[in-house]
Amino acid sequence: MSLSPADIAPYARRRHRLLDHMRAAGGGVAVVGTAPAAVRNRDTEYPYRHDSNFFYLTGFAEPQAWLVLVAGPVDRAILFCRPRHPEQEIWEGYRCGPEAARERYGFDETYSIDELDKLMPELLLDQPTLFWPFAARGPAQRMLRAWQAQAEEQGRGRRRPPARAQDLRPVLAEMRLIKEPGEIATMRRAARISAGAHARAMRAARVGQHEYELEAELLYEFRRHGAQAPAYPCIVAAGANACVLHYAAGDTELRDGDLVLIDAGCEVDSYASDITRTFPANGRFSGPQCELYDLVAAAQLAAAQATAPGRSFNDAHDAAVRVLARGMLDAGLLQGSLDGVIESGAYTRYYMHRTGHWLGLDVHDAGDYRSGAAEAGQDRPWRTLEPGMLLTIEPGIYVRAGDDVPRQFWDIGIRIEDDALVTAEGCELITRGVPVDAREIEALMRE
């Protein structure tokens with residue numbers, strides 16, 4: 001069954017935009033491969049996930065596929081993919097095949113992957129520039145070099161392969177940075193599912209459970225609402241584990257008086273969500289926990305208010321740092337003046353990461369955080385936010401036990417993270433389907 005023109009139109013538009021860029025750069029041929037399948041152990045593979053740039057341009061999710069774009073008098077969009085194979089499909093599932101791929105995905109030409117090595121040298125000849133993602137190493141890079149060598153031999157001095165190469169990643173990153181309406185709709189769905197999963201985990205949490213039990217609640221909610229997978233390994237961290245930023249859900253037991261930090265988001269139709277919430281295992285924040293929790297919530301509010309069109313990407317981080325540093329001083333975690341602990345970086349003992357990152361096809365999505373040219377001796381300026389950008393806002397505080405740390409704050413790790421869509425007026429936190437306010441969290445856990 002063919003996809004509708006509306007389904008394939010976004011991918012065709014993106015290919016045309018890339019072809020326009022190639023033409024403006026003097027023309028040439030672009031080559032983008034998808035990700036290879038990866039062996040987990042022996043004859044078992046990891047669940048397959050396509051390359052994000054390849055998918056962005058094609059919508060095609062099968063392994064062993066390559067996209068070739070030729071910018072010339074007549075533009076050509078060519079897909080190489082696996083042929084139909086009825087016997088292997090019994091074991092591995094349905095394959096689209098070249099003929100159906102041309103009809104369903106709107107390519108000008110499609111060929112079997114078996115013809116790739118034969119046809120690629122000819123496609124490279126007489127092209128001034130080869131456009132490809134420079135990060136493609138290993139087999140992909142070796143294949144490109146082999147095709148160029150074969151093209152050189154076939155040209156016999158009269159026809160030449162590309163003399164120049166240009167990295168495709170920067171232009172694709174710029175394209176991916178501003179989300180299209182369809183992308184935003186998909187990310188809203190991922191946000192709703194993930195928020196529901198966090199709410200489920202809060203309701204299910206009990207003293208005596210293990211971290212992996214809450215992870216199971218998250219994964220169940222993701223899949224039962226149609227998400228294909230987690231966007232990244234779930235972080236479920238109880239007690240002191242919450243002070244480990246990338247802690248994986250383990251077998252630690254939730255104890256009375258512990259906080260539980262969950263950083264988890266699902267992937268829907270290849271687009272990620274990313275939410276963090278922190279809540280008490282027993283359903284009630286203690287006084288010291290609430291003091292630091294409310295501090296992080298205030299920092300997130302300040303960062304969200306600084307996230308708007310025309311504002312610098314770094315404004316949100318600066319706003320969060322100022323609130324957090326003031327709170328650390330008030331709580332006795334730091335000594336000195338506000339400006340002093342910010343300028344010296346003393347606050348990084350308890351807040352050591354940045355306040356956000358781009359979000360999209362990848363959980364840490366493509367896109368430069370800076371723009372323009374650097375002045376002498378200076379870094380490039382931070383990028384100015386625009387409507388359609390989607391980023392996280394995630395301040396935190398992580399207090400490990402130590403002789404010079406007030407005992408009431410020992411082993412408290414807190415992070416609050418939401419996904420923010422930059423709008424014409426400011427930003428919209430699209431993951432607020434799960435509460436943030438400490439009192440609302442306690443009420444949810446009593447349900």
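**Figure 1. Where domain 1 meets domain 2 in this predicted model.** Let us start at the contact between the two domains: 8 residues of domain 1 touch 8 residues of domain 2. Three residues, Arg14, Arg49 and Ser52, supply 56% of the area that domain 1 buries against domain 2, more than any other three residues. In total, about 630 Å² is buried between the two domains, and carbon and sulfur atoms give 36% of that area. Domain 1 covers residues 8–167 and domain 2 covers 178–446, with their C-alpha centres 38 Å apart.

**Figure 2. Salt bridges across the domain interface.** What crosses the interface of domain 1 and domain 2 here? The rule finds 3 salt bridges there. If you zoom in on Arg14, you will find its side chain in a salt bridge with that of Glu183, at 3.9 Å from N to O. Arg14 is also one of the three residues named above for their share of the area that domain 1 buries.

**Figure 3. Strand β11 in the middle of an open sheet.** Here the strand order is β10-β11-β14, and the pairing is antiparallel. Because β10 and β14 each have a single partner strand, they stand at the edges, and one side of each lacks a neighbour in the sheet. From one strand to the next, the twist averages 10°. Strand β10 (residues 235–238) is joined to β11 by 4 bridges, while 6 bridges join β11 to β14 (residues 275–280). To find your way along β11, look for Leu259 opposite Pro280 of β14. Asp263 makes another handy landmark: Ile235 stands opposite Asp263, and the bridge partner of Asp263 in β14 is Thr276.

**Figure 4. Both faces of β11 under cover.** Is strand β11 mostly covered or exposed? It is mostly covered, with 6 of its 6 residues (259–264) buried. In a regular strand, side chains alternate between the two faces of the sheet. On one side of β11 you will see Leu259, Leu261 and Asp263, and on the other Val260, Ile262 and Ala264, all of them buried.

**Figure 5. A buried charged pair, Arg415 and Asp263.** Staying with β11, this view shows the salt bridge between Arg415 and Asp263, whose closest N and O atoms are 3.0 Å apart. The pair links distant parts of the chain, since Arg415 belongs to strand β17 (residues 412–415) and Asp263 to β11, 152 residues apart. Which side of the burial cut-off do these two residues fall on? Buried means under 20% relative accessible area, so Arg415 counts as buried at 3%, and Asp263 is buried at 7%. In another view worth opening, salt bridges that share partners join Arg176, Lys179, Asp362 and Asp365 into one network.

**Figure 6. Two salt bridges of helix α8.** The structure holds 34 salt bridges, and this close-up shows two that involve α8. Arg188 meets Glu428 at 2.8 Å, N to O. Arg188 lies in α8 (residues 181–204) and Glu428 in strand β19 (residues 427–429), so this pair ties together parts 240 residues apart in sequence. Both partners count as partly exposed, Arg188 at 27% relative accessibility and Glu428 at 31%. Glu447 forms a salt bridge with Arg203, with the closest N and O atoms 3.1 Å apart. Glu447 sits in the segment after α13 (438–446) and Arg203 in α8, 244 residues apart. Glu447 counts as exposed at 61%, whereas Arg203 is partly exposed at 37%.

Conventions
Residues are numbered from 1 along each chain as its sequence is written. This is a predicted model: local features need pLDDT of at least 70, side-chain atom pairs count only at pLDDT 80 or more; totals for chains, interfaces and linings use all residues. Side-chain values use heavy atoms; hydrogens and water are left out. Buried means under 20% relative accessible area, exposed over 50%, partly exposed in between (1.4 Å probe, protein chains only). Two strands pair if DSSP finds at least two bridges between them. Axes are lines fitted to C-alpha atoms, for helices over the stretch in contact, and angles run from 0 to 180 degrees between N-to-C directions. Domain bounds come from an automatic or database domain assignment. Contact means heavy atoms within 4.5 Å. Buried area is the accessible area (1.4 Å probe) that two parts lose on being put together, summed over both. A salt bridge is a side-chain nitrogen of Lys or Arg within 4 Å of a carboxyl oxygen of Asp or Glu.
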